[in-house]
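Here is a short briefing on ring pairs, nonpolar cores and helix packing, meant for someone meeting this structure for the first time.

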Amino acid sequence: MLALALHDLLQRLDNAARQAGRPPPRLLAVSKFQDATAVAELVGAWRAARPGETPALGENYVQETQAKQAALGDPGLEWHLVGHLQSNKAREAAALFDWVQSVDRPKLVAALAAHRDPERAPLNVLLQVNIDDEASKHGCGPEDVPALADAIAAQPRLALRGLMAIPAPLPDLERRREAFRRMRALFEQLRPGYPQVDTLSMGMSDDATLAIAEGATMVRVGTALFGSRERKGGRPGTPSTS
């Protein structure tokens, strides 16, 4: 079942990119609240469908990720933190993840840099932008991006790779399109000063094709792969990131 869902999703993403005249985006499979058995099944299907491609998994919580990594025992995966990160969890996050997509304040930049093992590759980070200025969402304001980008660039244990956003889930898709366009403009403004910047993470299960049309280079998809979450050990009221 997961193999079929993955096949259909990859085809949909490729078709959207072709229609938009853009390269296919990277897929981040949001595996939060999914058990290790389901994740292992997806990883196996992914490797069969795209040999040589490293499966990338998105998680929200440090403790859940620790347990899942131990259960899977698979060093050939790429782990992304897509949920809000408290500064007091930066030590664990810097050790567990290859990417943190939810950096949104100077204190977190400093904490991640301080705890990243210098023997490892720099931690890839994305600045999370609250593009629709929603009171219920984390993320920096668009006006804060230049200063935060400079702060990350000053840390040799961090690598600024781009921007991430979760636009408001408005039923009017044209209004979502406008948010994606504003994110693309921010991304293009950021790129000239930072040669490593190559990632614009936006678009989820219900609007990934729209995000691709507006320039997403990575989409975060959970529901379209695993089905709707009935908590599965998760936390009620948690904002969706997939």
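**Aromatic pair**

Across the whole structure, a search finds 1 aromatic pair, where rings of Phe, Tyr and Trp (its six-membered ring) pair if their centres lie within 6.5 Å. This is a predicted model, in which local features need pLDDT of at least 70 and side-chain atom pairs count only at pLDDT 80 or more, while totals for chains, interfaces and linings use all residues. Residues are numbered from 1 along each chain as its sequence is written, and side-chain values use heavy atoms, with hydrogens and water left out.

- The ring centres of F33 and Y61 lie 6.1 Å apart with their planes at 15 degrees, so the pair is stacked (planes under 30 degrees apart count as stacked, over 60 as edge-to-face and the rest as tilted).
- F33 counts as buried at 9% relative accessibility, and Y61 counts as buried at 18%, buried meaning under 20% relative accessible area with a 1.4 Å probe and protein chains only.

**Nonpolar cores**

- The largest nonpolar core (buried Ala, Val, Leu, Ile, Met, Phe, Trp, Tyr and Cys residues joined through side-chain atoms within 4.5 Å) has 67 residues, of which L27, V103, L112, L127, L163 and M183 touch the most other members.
- Apart from this core lies another one of 5 residues, among them W99, L126, I166 and M204.

**Contacts of V103**

- Not counting residues up to four places away in sequence, V103 touches partners including L108, L112, L127 and I152, where contact means heavy atoms within 4.5 Å.

Definitions and conventions: Buried means under 20% relative accessible area, exposed over 50%, partly exposed in between (1.4 Å probe, protein chains only).
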